[in-house]
Amino acid sequence: MLKLLLAPLRWIFRVVFALLILFEEWGWEPLRRAFALFARLPVIRQIEALLKRLPPRWAFVVLLLPSLLILPVKLAALWLVAQGRVVLGVGVVVLAKVVGTALLAWLFQLIQPALMQLPWFARLHARWTAWKAELLAWIRASAVWRTARAMKTAVRRAWRRLRGR
C-alpha cells in the first residue's frame, strides 16, 4: 500500500530532477566554454594555475564556494518575489543559476583531478554519474522526449528547406 502511495511522488521527483539535470547537461559545456573566454584574462589564468595546484581538501572547499556565494542572491530573489516583483525575482534566480553553472563547470574542470584523489568523492562521483545516466536514459526513452525530438527534427528540416529557397 505504501509503495502505491509513494509511486507518484517518486515519479514527480524523477521528473523534476531530470529537468534540472537536463538544464545542467544542456548548459554545462556551452557555459564552461563561455566562461573560458572570460578566463583568458591574465589574472584569471593566474587563478586557474593556483586552482590546479590545490590539494584535494582545498579543492573540495573551492567546489562548495559557488553554492555558498549564490545563496544570498537567491535570498534576495525571494525577497523580491515577496515584495511583489515576481518577474525580477525569477529573473535574478535564472541569471544566478546560469552564472553559477558556468562558474561551477569551469571550476570543476580545473579541480576534478584533485577531487578524484579523495576516495569518498571518487565513489560519490561514480555513483552520481551512473544515476544521472540512468535518469537521462529514462527520460530519453519516454514518449514525450521522443515526440519532442521528432518535432525538433521536423522543424529543422522545414527551416533548412525554407532557407534553401
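**Group meeting talk: a helical chain and one of its pockets**

Let me start inside a pocket: the lining of the second largest pocket has 8 nonpolar residues, 1 polar one and no charged ones. I'll come back to who those residues are. Before that, one thing to keep in mind throughout: what you see above is a predicted model.

Okay, the pocket. Its volume, for this second largest one, is about 150 Å³. Which residues line it? Reading along the chain, they are Trp11, Val15, Leu19 and Leu22, then Trp138, Ile139, Ser142, Val144 and Trp145. If you want to find the place on screen, look for three helices: α1 (2–38), α5 (119–140) and α6 (143–164) each put at least two residues into that lining. And which helix gives the most? That's α1, with 4 residues.

Now let's zoom out to the whole chain. How many helices and how many strands does the secondary structure come to? We have 6 helices and 0 strands. So if you walk from the N terminus, you read α-α-α-α-α-α.

What about the overall dimensions? Along the principal axes, the C-alpha atoms fill a box of roughly 60 × 45 × 40 Å. The radius of gyration is 20 Å, whereas a compact globule of 165 residues would come out near 15 Å. As for the inside, buried residues are 25% of the 165 in the chain. The accessible surface is about 12,400 Å², and carbon and sulfur atoms account for 71% of that.

Here's one on contacts. Take the pairs in the chain that are at least 6 apart in sequence: 76% of those contacts join residues at least 24 apart.

To finish, three single residues you can click on while I talk.

Start with glycine 89, which sits in helix α4. Is glycine 89 buried or exposed? Its relative accessibility is 1%, and the cut-off for buried is under 20%, so glycine 89 counts as buried. Who's around? Skipping neighbours within four places in sequence, glycine 89 is in contact with Ala77, Leu80 and Val81. For a sense of distance, glycine 89 and leucine 37 are 52 residues apart in sequence, and their C-alpha atoms are 28 Å apart in space.

Then there's glycine 164, over in helix α6. This glycine has 66% relative accessibility, and exposed means over 50%, so glycine 164 counts as exposed. From glycine 164 to arginine 33 it's 131 residues in sequence and 31 Å in space, C-alpha to C-alpha.

And the last stop is methionine 116, in the loop between α4 (86–115) and α5. With a relative accessible area of 28%, methionine 116 lies between the two cut-offs, so it is partly exposed. Leaving out residues up to four places away in sequence, methionine 116 touches Phe121, Ala122 and His125. Phenylalanine 60 is 56 residues from methionine 116 in sequence, with 10.0 Å between their C-alpha atoms.

So, in one breath: a predicted model with 6 helices and 0 strands, and a second largest pocket to which α1 gives the most lining residues. That's me done, thanks.

Key
Residues numbered from 1 in each chain as written. Predicted model: local features only at pLDDT ≥ 70, side-chain atom pairs only at ≥ 80, totals over all residues. Heavy atoms only, no water. 1 Å grid on protein atoms, 1.4 Å probe; cavity = no way out; pocket = protein on both sides within 12 Å on 5 of 7 lines; lining within 4 Å. Points joined across faces, edges and corners; volume = space filled by probe spheres on them. Nonpolar A, V, L, I, M, F, W, Y, C, P; charged D, E, K, R; others polar. Rg over C-alpha atoms; globule rule 2.2 N^0.38 Å. Buried < 20%, exposed > 50% of the residue type's maximum accessible area, 1.4 Å probe, protein only. Contact = heavy atoms within 4.5 Å. Areas by Shrake-Rupley, 256 points an atom, 1.4 Å probe, with all protein chains shown as cover.
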